[in-house]
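Welcome, and take a moment to look around before reading on. The report below walks through a few strand pairings and then some charged side-chain pairs.

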Amino acid sequence: MNKIILLHGWGCDSSTWTPILPQLQNLGNVIAIDLPGFGKSDELNNYSLDAVVDFIAQQISEPCILIGWSLGGVLAVQIATRYPLKVLGVITLAANIKFVASNDYANAMPPSTYNSFLESFKKNSLAALKTFSGLLAQGDVNERALLKKLRSVVSSDAVNANWLQALQLLSQLDNRAAFAAIIQPGLHLFGEVDALVPASAALSLTALNAKQKIIVLPQAAHALHWSQPDKIIECIQDFFQVLESETIDKKNVAQSFSRAAKTYDAAASFQRDVGDELIRSIEINQAAEIVVDLGCGTGHFTPLIQNIFPSAQVIGVDLAEGMLGVAQEKNQQIETWVCGDAEKLPFANASVDIIFSSLALQWCNNLPELFSEIHRVIKPGGALIFSTLGSSTLHELRSAWQQVDTDIHVNQFTSSEHVQKYLLRSGFSLDRFEKKSSVLEFEKLSDLTRNLKALGAHNMNRGRATGLTGRKKIAAFKAAYENLRHNNVLPATYDVLYITAKKLSIS
């Protein structure tokens, strides 16, 4: 389960996460940290960026996803670059790379505005915090209702020396170098009408690190998670989907299937059944010129596709060179075989009429990018016809291991809801979206594990356990799976999605 660390903004404490906390807890194990001097955390005598970052880092015991709002977002970026082994991904809400503008960075709060607030806080913290509450809600589509809620979160009762020091730290922070250096996946959300962080700051972040995802939310003020909690959760869920899918190690996938090339066909009875059903769903398009068998494996279906489209050029594409070698040897009538990644297809824009893919796309890392890439190469009106595995696949295997330890032993696949959502977002319409469960039966557990190995489909997650698994754990796993035996056989469920999607003629 994901570990999620929450870092709040200036002037409040961890209770600020209340609007989205229940939904976040559905996504993982959540720990909300009070920054030094705020909430239940003790004050720091030596208040500096290094001291605050170290204070937070000491509380991160295992790799986590950091979510920070405002000041918390600034600190999250610092931790991600200083302690990269502790951070799997970083999400920030309304966090600028510089909070106060300078001669070389204009997309921030004017120095005069900051200085005026700083002086007012020194003189009368109660009055200043009332003003601050107003700024958190200012411009929001629901400004009045939002302000009422925020006044209960921002309180002057707990003000201490660290509050002023944190406010001064905000004016000194420059996260440009740190943001440019982030290597983890990141999501950064901004409010269109934020009175403290101008929405134009989003452009600065994109220029510094194009790999980070930046979203500006319409009609939202600085307190994004109070203003639009449902939208924030939707964005975070999408990010988690991408992050989780990236746990599949592509290099390991290619190597594993290459090693299994010689044994694959003998073990692939179920895979052939799925492909045969998918083949039957193909609508003949006499005008098709280019048809791609994506993830063709040993090329079992490639000549069948050629028979359906005798006038078309059929191209077999696979990530594993070993598989392609077998395919080429078996199917010499097919002229073109390409070693390539489905997420980076070696085809020109709008150059392919039909893409056929059976039980291959589940090995891709990033569904939004995958479907966007496929959409790019398919001609308007062209079709993507594919089968893939859903999230319930091999749930028996996963459940048995979960009774033994918390390591990742079984490949994790995407839910049908996410597959459908990302297809539609990418500009496809759905002609068919069918979900079928197939339960394979094995006399012995070793028959199942041997089958997975022969197919090259054993555990390929980056978070998988490495090294040898102890005898006690293996025995416990076998005992847990044996509890599932019924009618003298062991079940293994495959959750299969059959999908035909058309690229809209106008995109």
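## Strands and salt bridges

T388 has L497 in β13 as its bridge partner. Keep in mind as you explore that this is a predicted model.

That pairing is a good way into strand β11, which covers residues 378-389. Strand β13 (residues 490-503) runs antiparallel to β11, and the two are joined over seven bridges. Strand β10 (residues 352-358) also pairs with β11, this time in the parallel sense and over six bridges. Within that parallel pairing, you can find I355 opposite L384 of β11.

How many of the twelve residues of strand β11 are buried? Nine are, so the strand is largely enclosed by the rest of the structure. As you follow a strand by eye, it helps to remember that in a regular strand the side chains alternate between the two faces of the sheet.

Now for the charged side chains. Side chains of opposite charge can pair when their charged atoms come close. In this model the count comes to 17 salt bridges. Here are some of them, with the N to O distance for each:

| Salt bridge | Distance (N to O) |
|---|---|
| R176 and D174 | 2.7 Å |
| R425 and D238 | 2.8 Å |
| E277 and R432 | 3.2 Å |

Let us start with R425 and D238, whose side chains meet at 2.8 Å. This salt bridge links distant parts of the chain: R425 sits in helix α19 (residues 416-425) and D238 in helix α11 (residues 229-245), 187 residues apart. Are these two partners buried or exposed? R425 is partly exposed, because its relative accessible area is 48%, while D238 counts as buried because its relative accessibility is 13%, under the 20% cut-off.

Next come E277 and R432, with 3.2 Å from N to O. They too connect distant parts of the chain, since E277 belongs to helix α14 (residues 269-280) and R432 to strand β12 (residues 428-442), with their positions 155 residues apart. Both E277 and R432 are buried.

Which residues are joined into one network by salt bridges that share partners? They are E234, D238, K421 and R425, so the network takes in the R425 and D238 pair described above.

Finally, turn to R176 and D174, whose side chains meet in a salt bridge of 2.7 Å. D174 counts as partly exposed, because its relative accessibility is 34%.

Conventions
Residues numbered from 1 in each chain as written. Predicted model: local features only at pLDDT ≥ 70, side-chain atom pairs only at ≥ 80, totals over all residues. Heavy atoms only, no water. Salt bridge = Lys/Arg side-chain N within 4 Å of Asp/Glu carboxyl O. Buried < 20%, exposed > 50% of the residue type's maximum accessible area, 1.4 Å probe, protein only. Helix = DSSP H or I, 4+ residues; strand = E, 2+ residues; numbered from the N terminus. Pairing = 2+ DSSP bridges.
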